[in-house]
Amino acid sequence: MTNTHVYVGSARTSGTLGGIFRRAAGNGHWEQLTKGLPEAVNVQAITVHPTNPDVVYLGGNRGLYRSTDRGERWERLGFSDERAEVWSVLVHPSNPRTLYAGTSPVGVYRSDDDGQTWRKLPGATAPDRIKMSFACRGLLEMADRPHLKSRIQSDSDAEGMLDGHALCVSSASPGTVFLAVRMGLFRSADRGASWQDMEVGRFSPLTYGRDIRISPQDPRVFYACLSPAARSEDGSLYRSADLGQTWTRFDHGVKANSTMMAVALHHRDPDQVFCVSRTGQVFGTGDAGRTWREDALPAGVKDVYAVACG
């Protein structure tokens, strides 16, 4: 794991320690990175450039930032909507000058010049079907099925299917979209026109889907963070080697004390995988899951959202 750095992002609220933290893989010393970042930033997305690990992108409640020196200093990248909260950042796999960013309120932005300028893409809209503390961002089609109903903070049983967390696509199945929501993992084989339940509960007692990622080396290999609920005392990382048809637990020997929130896959080394719990337990393997190491973030971190490596 030479020269690999792990980055973890969390929310910063009254009485908690938040922002972005970095350490070298195999070294338990965490550094809080602050230069160029606003004091009250909540870090909700981190992406390491796939071909240049010196470049790191950070998304949060104060917009999108970029570092060209592995997080030592940050610069803000502008959007046309200064109010947009960034929840995801993607570097195009074959044209790294092209980037995409997903935001709340629901929007998708694109840059074709390494993030210097951005434009909002048309058609990325989602109606507010129910009132919650966050914007609706999921599926309504199957929300009437009894096992997919969930109501926590609204007056609708469709709430759980409208609580979307992560999505991905795979070159091994063009046109197929994979989505993690509160009620599990779901697949669309027709670019989102219709959806099927992947029934991850056949393989895991945990079905709350918080993150889903495709291996950079093998597009048939998926990783998913599963837990009992958004705030729980358990969580695990699962792996599929057949485009999500079957799943097995990957984080053998790991004991997460809270919801498993995010997973990071190394762009050049498939043996390196990292995942993080909501309360700041960071787990990593350098040998494809045979052994794991835990390195907890500093005391005071309460709400972790993102992890990346490179």
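1. Let's start with the sheet made of S20, S21, S22 and S23. In this predicted model, the 4 strands form an open sheet in the order S20-S21-S22-S23, with antiparallel pairing. Strand S20 (260–265) and strand S23 (293–296) sit at the edges with a single partner strand each, so one side of each has no neighbour in the sheet. On average, neighbouring strands here are turned by 20° against each other, direction ignored.

2. Now for the S22/S23 pairing. Strand S22 covers residues 281–285 and runs antiparallel to S23, with 4 bridges joining the two. If you want one pair to click on, take Val-282, whose bridge partner in S23 is Asp-295.

3. Next, have a look at the loop between S22 and S23, which is where Asp-287 is placed. Is Asp-287 buried or exposed? It's buried, and it has no salt bridge. The nearest side chain of opposite charge is that of Arg-290, at 4.5 Å; a salt bridge would need the nitrogen–oxygen pair within 4 Å, so Arg-290 doesn't qualify. What the Asp-287 side chain does have is a polar contact with the side chain of Thr-285, at 2.8 Å.

4. On to another sheet. Here too 4 strands form an open sheet, this time in the order S3-S2-S1-S24, and the pairing is antiparallel. Strand S3 (31–33) and strand S24 (304–309) are the edge strands, each pairing on one side only. The average turn between neighbouring strands of this sheet is 25°, again ignoring direction.

5. Which strand does S1 join through 5 bridges? That would be S24: strand S1 (residues 5–10) and S24 run antiparallel. Tyr-7 is a handy marker for this pairing, as its bridge partner in S24 is Ala-308.

6. Last one: Arg-70. You'll find Arg-70 in the loop between strand S6 (63–67) and strand S7 (75–77). Why does Arg-70 count as buried? Because its relative accessible area is 16%, and the cut-off for buried is under 20%. Leaving out residues up to four places away in sequence, Arg-70 touches Asn-3, His-5, Tyr-7, Arg-22, Leu-33, Pro-53, Asp-54, Val-56 and Gly-310. Tyr-7, one of those contacts, is the residue bridged to Ala-308 in S24, which ties this loop residue back to the sheet in point 4. His-5 is also among the residues touched by Arg-70, and strand S1 spans residues 5–10. Leu-33 is another of the contacts, and the edge strand S3 covers 31–33.

Key:
Residues are numbered from 1 along each chain as its sequence is written. This is a predicted model: local features need pLDDT of at least 70, side-chain atom pairs count only at pLDDT 80 or more; totals for chains, interfaces and linings use all residues. Side-chain values use heavy atoms; hydrogens and water are left out. Two strands pair if DSSP finds at least two bridges between them. Axes are lines fitted to C-alpha atoms, for helices over the stretch in contact, and angles run from 0 to 180 degrees between N-to-C directions. Buried means under 20% relative accessible area, exposed over 50%, partly exposed in between (1.4 Å probe, protein chains only). Lys and Arg count as positive and Asp and Glu as negative; His and the chain ends are not counted. A polar contact is a pair of N or O atoms within 3.5 Å; within protein, one must be able to donate a hydrogen and the other to accept it, and residues adjacent in sequence count only if both atoms are side-chain atoms. Contact means heavy atoms within 4.5 Å.
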